[in-house]
There are 2 protein chains.
Amino acid sequence: MRAGPKNLITDVAGLTIGNAQNERIATGVTVALFEGEAVASVSVTGGAPAGRDLECLAPEAQVEAVHAILLSGGSGFGLDAASGAQAWLRERGRGVVFGRAVIPITPQAICFDLINGGDKDWGRYPPYRELAYEACEAAGADFSLGTAGGGFGATTADLKGGLGSASVVTSAGHTVGALVVVNAIGSAVVGGGPHFWAAPWEIGDEFGGLGAQTHPSTALVWKGQPLTPATTIALVATDAKLTKPQAKRLAIAASGGKSKGLRLAHAIFDGDMVFAASTGRRPLRDAAPEMIELCALASDCLARAIARGVHAATALPFRGALPSWRDRFDGA
Amino acid sequence: MRAGPKNLITDVAGLTIGNAQNERIATGVTVALFEGEAVASVSVTGGAPAGRDLECLAPEAQVEAVHAILLSGGSGFGLDAASGAQAWLRERGRGVVFGRAVIPITPQAICFDLINGGDKDWGRYPPYRELAYEACEAAGADFSLGTAGGGFGATTADLKGGLGSASVVTSAGHTVGALVVVNAIGSAVVGGGPHFWAAPWEIGDEFGGLGAQTHPSTALVWKGQPLTPATTIALVATDAKLTKPQAKRLAIAASGGKSKGLRLAHAIFDGDMVFAASTGRRPLRDAAPEMIELCALASDCLARAIARGVHAATALPFRGALPSWRDRFDGA
């Protein structure tokens with residue numbers, strides 16, 4: 001397996017990623033902006049999902065393509081973020097055109113980062129709309145992982161969470177990338193140690209190269225009681241030209257990457273969901289084997305992105321904040 | 001983690017399992033019979049599913065409980081099997097009662113085992129209805145794994161597939177069991193060797209005790225072209241008393257076990273689906289943590305059952321039939 005040149009979702013031609021964050025509030029937004037548009041769908045597997053403009057992503061819904069996808073903190077308040085991306089896109093005339101009206105389609109998922117030490121007393125206007133606009137301004141091919149963007153305030157059960165990304169090139173030459181806000185109810189590492197659950201799928205030493213454990217501890221580690229809600233939200237994207245039903249299948253298959261990269265996923269207090277998007281640059285030549293490989297590697301890629309997000313994170317500066325992987329294990 | 005006394009789904013109080021198979025046709029049926037009834041739902045994740053009486057399992061559908069769940073071979077023809085279970089149950093007056101009418105609710109999934117060397121020239125009457133009746137007759141607490149029942153004709157990409165099962169007891173004392181027909185488009189083992197993908201979750205040496213590989217090969221192995229359709233179908237059951245929406249969540253979470261136990265799952269030619277059933281023997285005392293653990297361990301348990309099904313299988317006697325894990329690796 002070979003990662004793309006940046007080992008980021010932006011190895012997929014036709015999209016850029018932007019981050020914005022507020023350090024005092026300890027939250028942020030990540031936006032994926034598509035050049036033109038992207039065919040997209042979503043798979044919702046968590047028991048406590050919160051999203052915006054997801055209904056149009058059903059294979060049978062009429063809207064074929066989207067202009068941006070957002071992953072943000074803020075729980076229900078974070079659903080403001082899509083408004084900021086809509087405003088930014090509308091100013092540029094990007095969206096579905098109905099006569100003089102231009103409507104950007106900007107589906108969004110959020111995660112729960114309301115209990116992480118940050119000052120959430122934002123009054124009447126949550127910060128997410130402005131953060132998303134800022135993230136659109138910042139969007140490009142390079143972006144930070146770890147404590148950044150939608151992953152700024154993210155946590156796991158035992159370590160700081162964060163924003164992760166990874167990419168892979170299929171044997172047919174298509175690129176698949178994953179972007180994830182790792183705010184898991186469980187853990188990305190085995191038994192509180194440095195080894196990642198995603199280790200079997202690691203490419204090179206992209207998250208430390210420690211390899212997998214022969215007999216890992218399977219003791220359950222999770223945010224416990226009083227319950228701290230969680231949610232791991234992700235986007236997988238490819239330059240392969242997919243139909244909307246194929247994008248839905250890619251999202252479903254990629255969801256398995258959470259089960260590989262985290263212990264545990266798809267839980268009752270998770271709002272776990274995975275978007276899938278096709279920028280349509282490369283037609284499928286032999287659809288069946290190419291789709292099978294895309295689906296399998298998207299699942300791997302999401303597991304790898306989860307590990308990379310935790311591996312890259314730095315701790316929040318608040319008293320009692322969770323340590324980062326680097327705090328605990330770097331140089332160990 | 002501790003398995004139940006038999007390490008079978010029948011460690012869950014309130015259900016029995018029956019197998020029947022036809023060696024010449026190289027196919028079979030496995031039935032789960034519930035004492036009374038079970039609250040059940042299903043998660044369909046494959047791209048090519050085929051099921052019977054699944055609509056009633058939606059959380060919003062009125063039917064609360066089922067009387068049997070069937071996993072069979074035979075692809076679309078196998079959907080006859082539920083008729084046999086209905087007949088058997090009706091003769092015993094078991095089902096939903098409407099005045100003098102008794103209607104057994106018997107949802108079913110099938111897998112594709114039509115190209116495995118067996119003689120599929122069954123003429124007007126496929127064997128599945130009679131096999132299912134026979135399986136009901138045979139149902140009990142003990143049943144065979146491997147080349148048996150619905151897994152008799154099952155294959156994976158590189159080894160004989162089969163019927164698998166495993167169980168686990170949660171910290172709250174609930175039992176969770178998994179039953180699976182492993183007929184995967186991919187493989188349950190790493191790189192054609194003896195190590196199972198499910199190794200991180202193995203309890204004791206339930207499938208050989210070889211442990212996980214530190215740096216496993218992630219090369220894709222699948223049934224390839226010309227395409228041989230596949231499908232891995234499963235049931236997870238628990239004695240914990242669940243509502244129907246909780247059963248649906250259990251099914252969704254357990255589906256992650258396929259991503260852990262197989263490389264690859266949820267593919268375009270899979271009809272992958274997972275039923276979840278509650279026999280309702282033990283109320284939840286503290287629903288949140290108990291559900292989180294049930295969901296996590298059901299996912300593990302399904303991964304383990306997949307490995308156990310392949311580990312226990314014996315090869316079909318036909319020329320060119322896939323070798324079994326024991327043929328290839330036992331004593332190695």
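Biologist: In this predicted model, at what angle do helix H1 (residues 81–91) of chain A and helix H2 (residues 128–138) of chain A pack, and how far apart are their axes?

Modeller: Two packed helices are described by the angle between their axes and by the distance between those axes. Here H1(A) and H2(A) pack at an angle of about 45 degrees, and their axes are 6 Å apart. That angle makes H1(A) oblique to H2(A), and H1(A) passes H2(A) in a right-handed crossing.

Biologist: Which residues make the contact between H1(A) and H2(A)?

Modeller: On the side of H1(A), the contact is made by Ala81(A), Ser83(A), Gly84(A), Ala85(A), Ala87(A), Trp88(A) and Glu91(A). On the side of H2(A), Tyr128(A), Arg129(A), Ala132(A), Tyr133(A), Cys136(A) and Glu137(A) take part. Sorted by class, this contact has eight nonpolar, two polar and three charged residues.

Biologist: May we read another pair of helices in chain A in that way? How do the axes of helix H3 (residues 244–261) and helix H4 (residues 287–312) of chain A cross?

Modeller: The axes of H3(A) and H4(A) come within 7 Å and cross at roughly 40 degrees. H3(A) and H4(A) are therefore oblique to each other, and their crossing is right-handed. Among the residues of H3(A) that meet H4(A) are Gln246(A), Arg249(A), Leu250(A) and Ala253(A), while those in H4(A) include Met291(A), Leu294(A), Cys295(A) and Ala298(A). By class, the contact of H3(A) with H4(A) has 10 nonpolar, five polar and four charged residues.

Biologist: And in chain B, at what angle do the axes of H3(B) and helix H4 (residues 287–312) cross?

Modeller: In chain B the axes of H3(B) and H4(B) cross at roughly 40 degrees and come within 7 Å. That makes H3(B) oblique to H4(B), and H3(B) passes H4(B) in a right-handed crossing. Lys258(B), Lys260(B) and Gly261(B) are among the residues of H3(B) that meet H4(B), where the partners include Asp300(B), Leu302(B) and Ile306(B). The residues of this contact divide into 10 nonpolar, five polar and four charged.

Biologist: Let us turn from helices to empty space. How much space lies in the largest pocket, and which residues are closest to its centre?

Modeller: A pocket can be read by its volume and by the residues around it, and the largest pocket here holds about 310 Å³ of space. It is lined by 19 residues, of which Ser43(A), Val44(A), Thr45(A), Ser43(B) and Thr45(B) are the closest to its centre. Strand S2 (27–44) and H3 of chain A, together with strand S2 (27–44) and helix H3 (244–261) of chain B, are the elements that give two or more residues to this lining. H3(A) supplies the largest share of the lining, five residues. By class, the lining of the largest pocket has six nonpolar, 11 polar and two charged residues.

Biologist: How many cavities of 30 Å³ or more are there, and what lines the largest one?

Modeller: A cavity differs from a pocket in that a probe fits inside but cannot get out. The count comes to 11 cavities of 30 Å³ or more, and about 180 Å³ of space lies in the largest cavity. Of the 19 residues that line the largest cavity, the closest to its centre are Pro200(A), Ala212(A), Gln213(A), Pro200(B) and Ala212(B). The class make-up of this lining is 15 nonpolar, three polar and one charged residues.

Terms used: Residues are numbered from 1 along each chain as its sequence is written. Chains are lettered from A and ligands numbered from 1 in the order in which they are written. This is a predicted model: local features need pLDDT of at least 70, side-chain atom pairs count only at pLDDT 80 or more; totals for chains, interfaces and linings use all residues. Side-chain values use heavy atoms; hydrogens and water are left out. Axes are lines fitted to C-alpha atoms, for helices over the stretch in contact, and angles run from 0 to 180 degrees between N-to-C directions. Helices (H or I, at least four residues) and strands (E, at least two) are DSSP runs, numbered from the N terminus. Angles under 35 degrees count as roughly parallel, over 145 as roughly antiparallel, 65 to 115 as roughly perpendicular and the rest as oblique. A crossing is left-handed if the near helix is turned anticlockwise from the far one by less than a right angle, and right-handed if clockwise. Contact means heavy atoms within 4.5 Å. Ala, Val, Leu, Ile, Met, Phe, Trp, Tyr, Cys and Pro count as nonpolar, Asp, Glu, Lys and Arg as charged, and the others, Gly among them, as polar. On a 1 Å grid over the protein atoms alone, a cavity is a set of points where a 1.4 Å probe fits but cannot get out, and a pocket is an open set with protein on both sides within 12 Å along at least five of seven lines; lining residues have an atom within 4 Å of a point. Grid points are joined across faces, edges and corners, and a volume is the space filled by probe spheres set on the points.
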